[in-house]
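Colleague: Got a minute to walk me through this structure? I'd like to go over the empty spaces, the surface and the sheets.

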Amino acid sequence: MAEASVAHGRSIVEVESLSYRYPKGKAPTLKGITYGIDAPRFVAIMGPTGAGKTTFAMTLNGLVPQFFEGDMWGRVLVMGMDTQKFRIQTLVSRVGLVMQDPETQIFGITVREDVAFGPGNMGLPPAEIEGRIAESLRAVRLAGYEGRFTSELSGGEKQRLAIAGVLAMRPDVLVLDEPTSELDPLGRNEIYAAVDRLRRERHLTILAVEHSSEDIADRADEVVVVNQGEVVWRGRPRDLFCNVPLTMSFGIRPPQVCEFGWRLYELGLISQHDVPLTVSEAADLVRRILKGRAIPRGVLRTLREAAPDDFPPVTPPSCQATLHGTSGSDASSQTQGGPGRPGTTTCAPVAIKVEGLEHSYGPTTQALRGIDLEIRRGEFVALVGQNGAGKTTLVKHFNNLLKPTRGRVEIDGIDTRGETIGSLSRRVGYVFQNPDHQIFCSTVEEEVGYGLRNLGLTPEAARERVREVLRFVGLEAVADRHPFTLGKGERQRVAVASVLVMKPNILVIDEPTTGQDWTGAEQMMRLVRDLHRAGHTIIMITHDMRIVAEYAQRVIVMHKGKVVADGTPAEVFSQREVLRSAYLAPPQISLLADELAEIGMPAGVTTVDEAVALVAAALEKAP
Amino acid sequence: MFLEYIPGQSIIHRLDVRTKVVAFICLMVVLFLFRSPAYNAAIVLVVAGIAAAARLPARRLWGVLGPLVPVFVIIMVITGYTYPASTFTTEAARRVLFYSWPGRHLPVSAGGILYGLTLLLRILTMVVASSVLTLTTPLDDFLQLLRAMRVPYEMSFIITTGIRFVPTMEKKAAMVLDAQRARGAMVETGGMIQRIRAYVPVMVPMIVDSIRMSENLACAMLNRGYGATRNWTTLRKMAMRPRDYLVLAACAALTVAAVAAARRGYGAL
């Protein structure tokens, strides 16, 4: 069907000077967008949060303006159908929209029932529906899941099921709104494998709203940048991402290898034309410019010793005595040493001690299988691993949200068994991923002060403490505002503040950057770094290895309820086998180091700065 | 959870939903014919046999029954006291077992205890029988039944979606509760009023989240063509087989026989 309509040369998507304003909206969300697609392709829609990407996606199947109402100007035609003239229910058989949260897009109790929902609504005969169920589930690699309960699927599986449910209506155009933003790396890979397959096997046009430039760099045929309701740029990914300042000016984080290439260009080592788009291109480039020269040994260590402030310190600054002993965790030394444990070699007092910790959620599901761990005061620990590895289960033991099935946990030398969640909240602050799961007061100030009610402070003392915390997180100006009128980033700060107010030394921060655009993620990470510098012990759960490389001092990798690696980012990222088995994707620079191992690039390189300095050092050396 | 289907291939699983519902109604009629615990015990045994035939996990049933044990005991005690001997027709039931207060006050009759036992057996039968019905019948079959009874699609859609979102809401509630407790909320201490007040921080985010979810849900329904046609298709078709007619005939015969027996005074107390 799709092939036939394309063969006629009719345009697939046609958007003519589209503007749209939400009901009660002050300014239009979309402003004069003109855009067209006339051959099946994969288009990435990028841009900062609030740019209008989701609204644009919803104009394509008529949700805007038919469901959301408001004022719309201009025209949107999909497969020749005007989205204002046909009902949404009619349009959906030509254009399928998968929204952000898969949870609210699943209607069936079993996978099979869910996929049948769409075709059933269309009134198709049962035999036809059966065929479509099989076909759609195969397309997203969920064949064999027919009888499974939808409530028992993982995040990635739910997302793929949401896509299958829409595919079952056999649309010619598939619109995906941030299909991977909430997923772990494994889940992301599953989605993109499914997308690749769909493109190979059907002539589908796919439009995906996506924040991750690295995921789409060599996939998208075209990138459309939306900013403040306007299309500000469109073209090939290469022309965008390889121009790093241009990409950044749109609030988009370029792929790490592009940043690497751009730095080499700025140093005058390559021409702008040579900036690479992918890891393999970057590896070829380095080989070409080094012309057989190798990267000199020991440069990485000198670099890290020379500029301790620019690179994550290996030990907390308070611990001068042992600095010398642990600074040798360079790429050259860790090859003999195996996984180092920076935390256990410092002299700061132990903040968290975990011994033989096991946790079972029932007779059959053991989430933790014997964890032994020591985290010292002032450490910045990143806890990584795929969903279901036991990260959240582990940290919930730090403040008694969960109790050990076996083993013990000590916080500041105190056994948690004798404590309550309330008493531990003064030692361990837990910042949850979604701030909306805790906000309930009508002003930011009240919200932040909530935890103090049970502490027995005088009203003045409590007020002073709230003010102090709001100052620290930069929310002083909005103290009287309603939390729900704030942006996502600010609401997240409210959540941080409401925990800080209890004055805990240890902060557990669960996925602080998930679902945020680059600017939001950077701002959040700057706050986390400030908290660390202020003396807090940080335990951060994250899937973003680039953030781990740039901010954390220590990485703990979990897999199937066990700690499988523990060390500095450089040490952990060079253990490729461990990362692979734990389904973690190391940063692109680490992958580049892998490819360049034969010319002496140390496996411990984790940041763009280090990689650039190493290449520059190799070039300075006489040939 | 209640209403959770356990897939299986037993004879009970394979019966048509209509047969099962009719059999269930017959059972309920028979259950209230006899006051004697002996007759009700026999019914319990039959239902237990059916549960075994359906291969229902005993632990699952105990999970439903266990919490009811205190209720059972209270029912026994209360009926023992509240049913005076004069309300019973048989000689054995009229006998007063003992007086709990000196001077022949607060009598406990044999009939009262026996009737308490009957009530208990009836509850047991109802719990087990309804578990057999719901655990062996997929939700889709019940929806088919509703459809056959000309209940509108919207109605059955609401039922499925409601059930589908129970685990989602449970998970959300747990997350909100954790988030609040982690910042010092005291949820499980204090008196009644304090506890209700302590739930405000849990209820407000839940309600806000539900509103957001319902808007997404409405969009997602449209995205899947909800309401595109009045003739929506369901994959399952109900089909009566010979075994269904056989079971229905047996149910009818047994019910008639039971009514006749009760009229003749069998199973009285």
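Colleague: How do the residues of the lining of the largest cavity divide into nonpolar, polar and charged?

Modeller: Keep in mind that this is a predicted model. The lining of the largest cavity has nine nonpolar, eight polar and four charged residues.

Colleague: What volume does the largest cavity have?

Modeller: About 340 Å³. It is lined by 21 residues, and the closest to its centre are Glu113(A), Phe117(A), Asp140(B), Tyr153(B) and Thr234(B).

Colleague: Which elements give two or more residues to that lining?

Modeller: On the chain A side it's α5 (111-121), and from chain B there are α8 (139-148) and α9 (153-182). The most comes from α5(A), which gives six residues.

Colleague: How many cavities of 30 Å³ or more are there?

Modeller: The count is two. The second largest cavity has a volume of about 30 Å³.

Colleague: Which residues line the second largest cavity?

Modeller: From chain A you have Leu97(A), Gln105(A), Phe107(A), Ala162(A) and Val166(A), and from chain B there are Ala220(B), Asn223(B) and Arg224(B). Two elements give two or more residues to this lining: α7 (155-167) of chain A and α11 (200-223) of chain B. By class, the lining has five nonpolar, two polar and one charged residues.

Colleague: OK, on to pockets. What is the volume of the second largest pocket?

Modeller: That pocket comes out at about 1200 Å³. Its lining has 47 residues, with Arg188(A), Ser212(A), Glu214(A), Asp215(A) and Asp544(A) the closest to the centre.

Colleague: Which elements give two or more residues to the lining there?

Modeller: They belong to chain A: α8 (185-201), α9 (213-216), α13 (279-290), α23 (518-533), α24 (545-551) and α27 (588-595). The largest share is four residues, and α8(A) supplies it.

Colleague: And how do the residues of that lining divide by class?

Modeller: There are 17 nonpolar, 17 polar and 13 charged residues in the lining of the second largest pocket.

Colleague: Switching to the outside. Which residues form the nonpolar patch on the surface?

Modeller: The patch is on chain B, made of Trp62(B), Val69(B), Val73(B), Val77(B), Tyr81(B), Leu97(B), Phe98(B), Trp101(B) and Leu106(B). Together they have about 920 Å² of accessible area.

Colleague: Which element gives the most to it?

Modeller: That's α5(B), with four residues. Both α5 (69-82) and β1 (96-101) of chain B supply at least two residues of the patch. As for Leu106(B), you'll find this residue in strand β2 (residues 105-109) of chain B.

Colleague: Let's do sheets. What is the strand order in the open sheet that has β1 of chain A?

Modeller: The order is β2-β1-β4-β5 in chain A, four strands with antiparallel pairing. At the edges are β2 (30-37) and β5 (81-82), each pairing on one side only.

Colleague: How many bridges join β1(A) to β2(A)?

Modeller: Five, and the two strands run antiparallel. One partnership there is Val13(A) with Ile37(A) in β2(A).

Colleague: And how many bridges are there between β1(A) and β4(A)?

Modeller: Seven, also in the antiparallel sense, with β1 covering residues 13-21. Arg21(A) stands opposite Asp71(A) in β4(A). Then β4 (residues 71-78) is joined to β5(A) by two bridges, with Leu77(A) partnering Asp82(A) in β5(A).

Colleague: What about the open sheet with β11 of chain A, which strands are in it?

Modeller: It has four strands with antiparallel pairing, in the order β12-β11-β14-β15 of chain A. The edge strands are β12 (366-376) and β15 (414-415). Between β11 (residues 350-360) and β12(A) there are eight bridges, and Glu358(A) has Arg369(A) in β12(A) as its bridge partner.

Colleague: Last topic, backbone oddities. Which peptide bond is cis?

Modeller: The one from Val64(A) to Pro65(A), with omega near 5 degrees. Pro65(A) is in helix α3 (residues 63-66) of chain A. For context, most peptide bonds are trans, and most residues other than glycine have a negative phi.

Colleague: Which residue has a positive phi although it is not a glycine?

Modeller: Lys503(A), with a phi of about 55 degrees. Lys503(A) sits in the loop between α22 (488-500) and β17 (506-510) of chain A.

How values were computed
Residues are numbered from 1 along each chain as its sequence is written. Chains are lettered from A and ligands numbered from 1 in the order in which they are written. This is a predicted model: local features need pLDDT of at least 70, side-chain atom pairs count only at pLDDT 80 or more; totals for chains, interfaces and linings use all residues. Side-chain values use heavy atoms; hydrogens and water are left out. On a 1 Å grid over the protein atoms alone, a cavity is a set of points where a 1.4 Å probe fits but cannot get out, and a pocket is an open set with protein on both sides within 12 Å along at least five of seven lines; lining residues have an atom within 4 Å of a point. Grid points are joined across faces, edges and corners, and a volume is the space filled by probe spheres set on the points. Ala, Val, Leu, Ile, Met, Phe, Trp, Tyr, Cys and Pro count as nonpolar, Asp, Glu, Lys and Arg as charged, and the others, Gly among them, as polar. Patches are made of residues with over 30% relative accessible area and no salt bridge: like charges are joined within 9 Å, nonpolar side chains (Val, Leu, Ile, Met, Phe, Trp, Tyr) within 5 Å. Accessible areas come from the Shrake-Rupley method with a 1.4 Å probe; for residues, only the protein chains shown count as cover. A salt bridge is a side-chain nitrogen of Lys or Arg within 4 Å of a carboxyl oxygen of Asp or Glu. Two strands pair if DSSP finds at least two bridges between them.
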